[in-house]
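Work through the exercises below with the coordinates open. Each task is followed by a solution in steps.

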2 protein chains.
Amino acid sequence: MIEDKNKQYTKLNDLGEFGLIEHLTKHFKIKRESTIKGVGDDAAVLDFKEKKVVVTTDLLVEGVHFDLSYMPLKHLGYKAVMVNLSDVYAMNAKATQITVSIAVSNRFPLEALEELYAGIQTAVEIYDVDLIGGDTTSSTTGLLISVTAIGEVAEGEVVYRNGAKPNDLLVVSGDLGGAYMGLQVLEREKEVYKVNPNNQPDLEPYTYIVERQLKPEARKDIVKLLSDLDVKPTAMIDISDGLSSEIMHICKQSDVGCDLYENKIPLDPQVISTCEEFNMDSTTVALNGGEDYELLFTVSQDDFPKIKANPNLSVIGFIKEKAAGTHLVTRAETRIPLKAQGWKNFED
Amino acid sequence: MIEDKNKQYTKLNDLGEFGLIEHLTKHFKIKRESTIKGVGDDAAVLDFKEKKVVVTTDLLVEGVHFDLSYMPLKHLGYKAVMVNLSDVYAMNAKATQITVSIAVSNRFPLEALEELYAGIQTAVEIYDVDLIGGDTTSSTTGLLISVTAIGEVAEGEVVYRNGAKPNDLLVVSGDLGGAYMGLQVLEREKEVYKVNPNNQPDLEPYTYIVERQLKPEARKDIVKLLSDLDVKPTAMIDISDGLSSEIMHICKQSDVGCDLYENKIPLDPQVISTCEEFNMDSTTVALNGGEDYELLFTVSQDDFPKIKANPNLSVIGFIKEKAAGTHLVTRAETRIPLKAQGWKNFED
C-alpha cells in the first residue's frame, strides 16, 4: 500500500466533545426492538419486556491489553466489543446493546478514532447489537476503551457458573491456545522490526493464530447451536484467562471437582507447529494462554448424544465430587492438580 | 491528624485480579429486587419486569477530571457514582444498579483503592443502588474510573431532552456555580501549598462551594419531589457542563428557543462573595462553570402553582418559538445570545 505522506490529519481539539461523539457515532443505526432511545440523551432507554437483562463490562488499556505497534485500531475496536459480548454469551443470553467509552491522548488524530469506531461498527453489525451510549474524554497518555455489554435472556434460560454437577461432561467450543501463540509471533516480529525496520515479516504460516489474537470472535453461534440442539448447559463461562483458570472458576462456584483429559484438549495444527517452533508445551499454552474467547460449559451426560458428533464442540473431561479435586489427566495417565496461573497485570 | 509513618501498605500485585475484585467488593450487599445476580459471574443478571431500563456511562480520568492533590480518594469514589446517577435522574428514572471499572497504576497501594471503594460504598448505600459488576486492571500511569449506571422507570414516565414546548417554564433545582468556584479555591490553595508546604489553608469561608466540588449530590430528591407534586417535566437534563450548554441542548433537541433571566439564576451567597474575591462575574460562572449536577427541566405553565413556592426549585426563564433564538435577558434588560462554551478537555 502506498501511503500518502501529505495526508492531513484532524486534531481532536478541533472538535468539541459533542462534535466528536456525534461524528463517531453518526453512522450507527439502531436495529434492536428493545432499544427505545440510543445515543443523544442523558441515558439510553431500553425495554426488555418479560426478559431478564444481563450486564457485563471490561476495560482494555494500551500497554497492558494491547500494543498498537501490531494491533490495527480497527481490529482493536472489533476485539473490544468481542471481549464483552463473549461474557454475555457465557450467560446463555443474546447480546443486544453496548456502550463504548474511550479515553485518548492528543497524539491520536480524529482519523485514528474513526478507524477504531469502524471496527466497533463492523462488530455491532455482524453481531446485531446496538451502540447506545458512551463517553469520550482525553487521557494524559495512551488509549483506554471501556465497553459495557447488555443482553437479554428468557426466564429459566440463564446459565451461571455454579450449576455443574458430578458426572456432568466438561465441553469446550473451538480450539485453544491460538490467541496466545499469535501474540508470541507478533511479539517476535516486533523485536525483529526494532532491529531492522526494512525487514518485512512473513506472517503467512501463522495466519490463523495471528487472527485469533487480533480479531477474535465471540461464540454467538454456540449459544444458538445449543439452543437448536435443545441442550441447556448446567454451567458456562467464557475462556478469557486460559482453560485452567476457567475450569477452576466453575469447580469452585459449583462446589465440585473435575478431571480434564490432556489428549482431548482441542488444538489447531498451527498452534502445535508454532509451539514446536517456540519450544513451548502446547498443553501449557492451552491451559494458561487465554484470550481464546471460546465457551467452556458442562452438560448432563443425558445430552451427550446431542453434542458428540458436533465439530464445534469437544468433550474434554468430567465433573467429579469436590473431594476428588481438579486434575489434569496427562497422556501418560498421570494426574496433576490444575492450577490457575492467574493474572499478571500488576507485575512490576 | 497524626499519620503513622510506619504504616505498611499492600502492593496491588500481592493480590491477583480475582483477589482484588473480591477484596474490594465483599462488603457490598445486594438490596434491589431487580438484581438477581450481582458480582461473581460472567455478567450480572437483572429483572426489570414491565419497567423500562435506562443506561448511562461516564469516564473520570486523573489529570483531566480530578486532581488527587486535593481530591480525597473517598470523595472521588462518591463523586464518580454521583456523576452517573445524575444522568439517570435526568431521565426521571430511579437509579438501581452500577458497575465500576478502574484502571490504576502500581503507585497506588491497596489501601488507596479501599478508600476509593469506601466512597463508592457510601454512595451506593445512600442512593440505594447495587454494585453489580466491574473490571479492575492496571494502567501505565494514573487512575481512571469508568462507571455505568442503570435505572428503571415506568412506561410513560421517561423524560427526554426533546419535549420542551413554547411557553413552558424553564426550572432549575438548587443553586449554580458552586462547584466551579470551589475548584478555583482548591486550585489557588494548591499553588499556595507549592510555594509554602507549611501553610495551612483556611477553607472555612468556602465550606459550601468546596463541598459542591468535592462531594456533589445527585438530585434523587428532585425526581421524588416532582413525582410527589404530580409534575411531569416536558424535558429534562442534568447540569454537568454549565447552565448555558444544557439549555442549548434542550432547545436544540426540542426545536425551540428560550429566554433565560439573569436575575433569576439561583446563586449561593458564598458563590457571590467568592466571585467578588476572584474578580469573576457570577453569571458567567453559573452559565459556564459546570459540575453542579443540578437538574434543569421545563414544565407546562399549568404546573406553575405546584412548584412556585418550593425552595428547591427556581423558575429561571421561558421556552419560546425556535425563531426567537436562545437569549440571556440581563439585569439591564438587554438580550444577549447564549453560547455554549463547550468542552475543553482536548486543549493542548
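A salt bridge is a side-chain nitrogen of Lys or Arg within 4 Å of a carboxyl oxygen of Asp or Glu. The model is predicted, and side-chain atom pairs count only at pLDDT 80 or more.

**Exercise 1. The interface**

Task: Describe the contact between chain A and chain B by residues, buried area and polar pairs, and state how many salt bridges the rule finds across it.

Solution.
- Step 1. Collect the residues in contact: chain A supplies 71 residues and chain B supplies 71 residues.
- Step 2. Choose a size for the interface. The accessible area lost when the parts come together is often used for this.
- Step 3. Between chain A and chain B, about 5600 Å² is buried, with carbon and sulfur atoms giving 55% of that area.
- Step 4. Apply the salt-bridge rule across the interface of chain A and chain B: six are found. One of them joins B:R161 to A:D42, with the closest N and O atoms 3.4 Å apart, inside the 4 Å cut-off.
- Step 5. Count residue pairs in polar contact across the same interface, both at pLDDT 80 or more: there are 22. On the side of chain A that touches chain B, strand 3 (residues 52-61) of chain A gives the largest share, nine residues.

**Exercise 2. Salt bridges within a chain**

Task: Over all chains the rule counts 48 salt bridges. For the pairs A:D228 with A:K224, A:R331 with A:E262 and B:D303 with B:K306, give the N to O distance and the setting of the residues.

Solution.
- Step 1. In the bridge of A:D228 with A:K224, the closest N and O atoms are 2.8 Å apart. The two residues lie four apart in helix 6 (residues 220-228) of chain A, so about one helical turn separates them. Both A:D228 and A:K224 are exposed.
- Step 2. A:R331 and A:E262 form a salt bridge at 3.1 Å between the closest N and O atoms. This pair links distant parts of the chain, 69 residues apart: A:R331 is in the loop between strand 13 (326-329) and strand 14 (335-337) of chain A, and A:E262 is in the loop between strand 10 (257-261) and helix 8 (269-278) of chain A.
- Step 3. Classify that pair by accessibility. A:R331 has a relative accessible area of 53% and is therefore exposed; A:E262 has 9% and is therefore buried.
- Step 4. The side chains of B:D303 and B:K306 meet at 3.3 Å, N to O. B:D303 is buried at 11% relative accessible area, while B:K306 is partly exposed at 35%.
- Step 5. Look for linked bridges: A:R212, A:R219, A:D221, A:D292 and A:E294 are joined in a network of salt bridges.

**Exercise 3. The partners of one strand**

Task: Find the strands that pair with strand 4 of chain B, and state whether each runs parallel or antiparallel.

Solution.
- Step 1. Strand 4 covers residues 94-104 of chain B, and 10 of its 11 residues are buried.
- Step 2. Strand 7 (residues 144-153) of chain B runs antiparallel to strand 4 and is joined to it by nine bridges. Here B:S101 stands opposite B:S146.
- Step 3. Strand 5 (residues 130-133) of chain B pairs with strand 4 in the parallel sense over three bridges, and B:T99 has B:G133 as its bridge partner.
- Step 4. Strand 6 (residues 136-138) of chain B is also parallel to strand 4, through three bridges; B:I102 is partnered with B:T136.
- Step 5. Trace the connection: strand 4, helix 3 (residues 110-126) and strand 5 of chain B make a right-handed β-α-β unit.

Terms used
Residues numbered from 1 in each chain as written. Chains lettered and ligands numbered in written order. Predicted model: local features only at pLDDT ≥ 70, side-chain atom pairs only at ≥ 80, totals over all residues. Heavy atoms only, no water. Buried < 20%, exposed > 50% of the residue type's maximum accessible area, 1.4 Å probe, protein only. Pairing = 2+ DSSP bridges. Right-handed = clockwise from strand over helix to strand, strands pointing away. Contact = heavy atoms within 4.5 Å. Buried area = accessible area lost by both parts, 1.4 Å probe. Polar contact = N/O pair within 3.5 Å; in protein donor to acceptor, adjacent residues only side chain to side chain.
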